[in-house]
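Work through the exercises below with the structure open. Try each task before reading its solution.

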Amino acid sequence: MKKLLLSTSLVLFASTGAFADVGHAKMAIGMPGHTAKVDRTIDVTLLENDEGEMLIESEEMTIKQGETIRFNITNKGELEHEFVLDTLENIAEHKIEMAKMDMEHDDPNRIRLDPGATGEVVWTFANAGTFEAACLIPGHYESGMHRAVSVGDQIAQADVEYTSGTIKKIDAKAGKVTIIHGPLVNLDMPAMTMVFRADEAIMAKMAEGQDIEFVADRVKGKLTVTQMK
């Protein structure tokens, strides 16, 4: 009888642990993503400015439901910062907890970086909604270190106009692609042949001579293919 009770307890303990892991991995905002399934990359900069503000700088975090995003994060500030993805409610709760005691968590939806350090968060946005990216180190959120993350069925495509083009040349090592393209309306540029930057995930979908539809924008001053279909 004792052996039976012990066995039952072990099974229950193991089951509870397994469910805890699943609960930890799946959140209202989504779940950790696989690097092999990244749809696109968003470069993020954490910094302070001369006006005393603390900022999370990046392109608009407007994401299609189901997309897997690689956030390439660089701390260009002089202070330690973190990058946290979560619901508005959880961000508010954790901010209160952090105000009581500055704790460094080891969770897949967040990363803490020393000045000058880089890192990444890969995340699959499984659910639609308005979420938030923030730094919850005491005082940083209040100084402006947060921004909206909008996720929806079609929201990533809203107000985005694709341009038709043909890939002329690919230089994967340099992360560059030459495209013969039509007018880039959002950049007020006429049809021509130009060299663009592209991240590894987008570059992997390209082939010379391929006809594509794409969106380009200026990222860190460089013309970059941000979306492609």
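Three exercises follow, on a predicted model.

**Exercise 1.** Give the strand order of the open sheet of five strands, and find its edge strands.

*Solution.* The order is 1-8-5-2-3, and the pairing is mixed. Strand 1 (31-32) and strand 3 (54-57) are the edges, since each pairs on one side only. Next, take strand 2 (residues 40-48) and strand 5 (residues 68-75): they run parallel and are joined by seven bridges. Within this pairing, Asp43 has Asn72 of strand 5 as its bridge partner.

**Exercise 2.** Locate the salt bridge between Arg70 and Glu120, and classify both residues as buried, partly exposed or exposed.

*Solution.* The closest N and O atoms are 3.4 Å apart. Arg70 sits in strand 5 and Glu120 in strand 8 (residues 118-124), 50 residues apart. Buried means under 20% relative accessible area. Arg70 has 15%, so Arg70 is buried. Glu120 has 38%, so Glu120 is partly exposed.

**Exercise 3.** Do the same for Glu60 with Arg147, then for Lys95 with Glu142.

*Solution.* In the salt bridge of Glu60 and Arg147, the closest N and O atoms are 3.9 Å apart. Glu60 lies in the loop between strand 3 and strand 4 (62-64), Arg147 in strand 10 (residues 146-152), 87 residues apart. Glu60 is exposed at 59% relative accessibility, whereas Arg147 is buried at 15%.

Lys95 and Glu142 meet at 3.6 Å, N to O. Lys95 belongs to helix 2 (residues 88-100) and Glu142 to the loop between strand 9 (129-134) and strand 10, so their salt bridge ties together parts 47 residues apart in sequence. Lys95 is partly exposed at 24%; Glu142 is exposed at 54%.

Technical notes: Residues are numbered from 1 along each chain as its sequence is written. This is a predicted model: local features need pLDDT of at least 70, side-chain atom pairs count only at pLDDT 80 or more; totals for chains, interfaces and linings use all residues. Side-chain values use heavy atoms; hydrogens and water are left out. Two strands pair if DSSP finds at least two bridges between them. Helices (H or I, at least four residues) and strands (E, at least two) are DSSP runs, numbered from the N terminus. A salt bridge is a side-chain nitrogen of Lys or Arg within 4 Å of a carboxyl oxygen of Asp or Glu. Buried means under 20% relative accessible area, exposed over 50%, partly exposed in between (1.4 Å probe, protein chains only).
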